[in-house]
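These notes follow a reading of the model alongside its sequence. The points are numbered so that they can be taken up one at a time.

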Amino acid sequence: MTLEWKLVVDCADPHAQAAFWAEALGYEVEDNSALVGQLLDAGVLPEAEATPDRTAFRTLRAVRHPDDPFDPHSGTGLGRRILFHAVPEPKAGKNRLHIDLHAGPERRDAEVDRLKALGATVLRTVQEPGSHHVTMADPEGNEFDVQ
């Protein structure tokens, strides 16, 4: 039996992280306004837990692949999805899990430049037998590789 999954990334600003990764991956930021509105109207979600425009949760924001299905009642993706979750503590140390972006050798440099324009930074370029990639950090310092 297989399981469905999502990648959850702890961060300081889930909305900024979702915006960055949606652009980086060509994903869509989830629109959870219907769900947030329902929960607020039912009194289940305190106003302080929603964004001021009532379109999203204050401490959570997700991105999803544009071709994957989603629940129209909640806006929640039902396929490839990354959820950014606000946590109080800052990032400390190296990621134990990271994302690899596969651009290919012919597009790698252009992708690195595009990601830098979105707010990523280059940490190092790795050239070793069987691998050539650029290790970068997203705007909050989470490492990822562009191959």
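1. Is R114 buried, exposed or partly exposed? R114 counts as partly exposed, at 30% relative accessibility. The model is a predicted one, and this applies to every point below.

2. R114 has a salt-bridge partner in E111, with 2.9 Å between the closest N and O atoms. The two lie three residues apart in helix 3 (residues 108-118), so about one helical turn separates them. An α-helix has 3.6 residues a turn, so residues three or four places apart point the same way. E111 has a relative accessible area of 15% and is buried, because the cut-off for buried is under 20%.

3. Helix 3 holds a further pair with this spacing: K116 and D113 are three residues apart, about one helical turn. Their side chains form a salt bridge at 4.0 Å, N to O. K116 is partly exposed at 42% relative accessibility, and D113 is partly exposed at 47%. Elsewhere, D41, E47 and R54 belong to one network, joined by salt bridges that share partners.

4. In the whole structure, the search finds ten salt bridges. One of them joins the side chains of E143 and K91, at 3.5 Å from N to O. This pair links distant parts of the chain, with E143 in strand 8 and K91 in the loop between strand 4 and strand 5, 52 residues apart. E143 is buried, at 16% relative accessible area, whereas K91 is partly exposed at 36%.

5. The loop between strand 4 and strand 5 also contains P88. P88 is exposed, with a relative accessible area of 80%. The C-alpha atoms of P88 and A12 are 6.9 Å apart in space, although the two residues are 76 apart in sequence.

6. Which residues lie closest to the centre of the largest pocket? They are V9, D10, K91, N95 and N142, out of 26 residues that line the pocket. K91 is thus both a lining residue and the salt-bridge partner of E143. The space in this pocket comes to about 530 Å³.

7. Strand 1 and strand 8 (143-146) each supply at least two residues of that lining. Strand 1 gives the most, with five residues. By class, the lining of the largest pocket has 14 nonpolar, four polar and eight charged residues.

8. The second largest pocket has about 160 Å³ of space. Its lining consists of W5, L7, L25, Y27, R80, R81, I82, I99, D100 and L101. Two or more of these residues come from strand 4 (81-86) and likewise from strand 5 (99-101). Strand 5 gives the most, with three. Seven of the lining residues are nonpolar, none is polar and three are charged.

9. What is the strand order in the open sheet of four strands? The order is 1-4-3-2, and the pairing is mixed. Strand 1 (7-11) and strand 2 (28-29) stand at the edges with a single partner strand each, so one side of each has no neighbour in the sheet. Strand 2 pairs with strand 3 (residues 60-64) in the antiparallel sense, over two bridges. Within this pairing, E28 stands opposite R64 in strand 3.

10. Strand 6 (residues 121-128) and strand 7 (residues 131-137) run antiparallel and are joined by seven bridges. V122 stands opposite M136 in strand 7. The hairpin formed by strand 6 and strand 7 has two residues between the strands, and G130 takes a positive phi near 85° there.

11. Which residues of helix 2 (residues 33-41) are buried? They are V36, G37 and L40. These residues cover an arc of only 100° around the axis, which puts them on the same side of helix 2. Just after helix 2, G43 takes a positive phi of about 75°.

Methods: Residues numbered from 1 in each chain as written. Predicted model: local features only at pLDDT ≥ 70, side-chain atom pairs only at ≥ 80, totals over all residues. Heavy atoms only, no water. Buried < 20%, exposed > 50% of the residue type's maximum accessible area, 1.4 Å probe, protein only. Arc of directions from axis to C-beta. Pairing = 2+ DSSP bridges. 1 Å grid on protein atoms, 1.4 Å probe; cavity = no way out; pocket = protein on both sides within 12 Å on 5 of 7 lines; lining within 4 Å. Points joined across faces, edges and corners; volume = space filled by probe spheres on them. Nonpolar A, V, L, I, M, F, W, Y, C, P; charged D, E, K, R; others polar.
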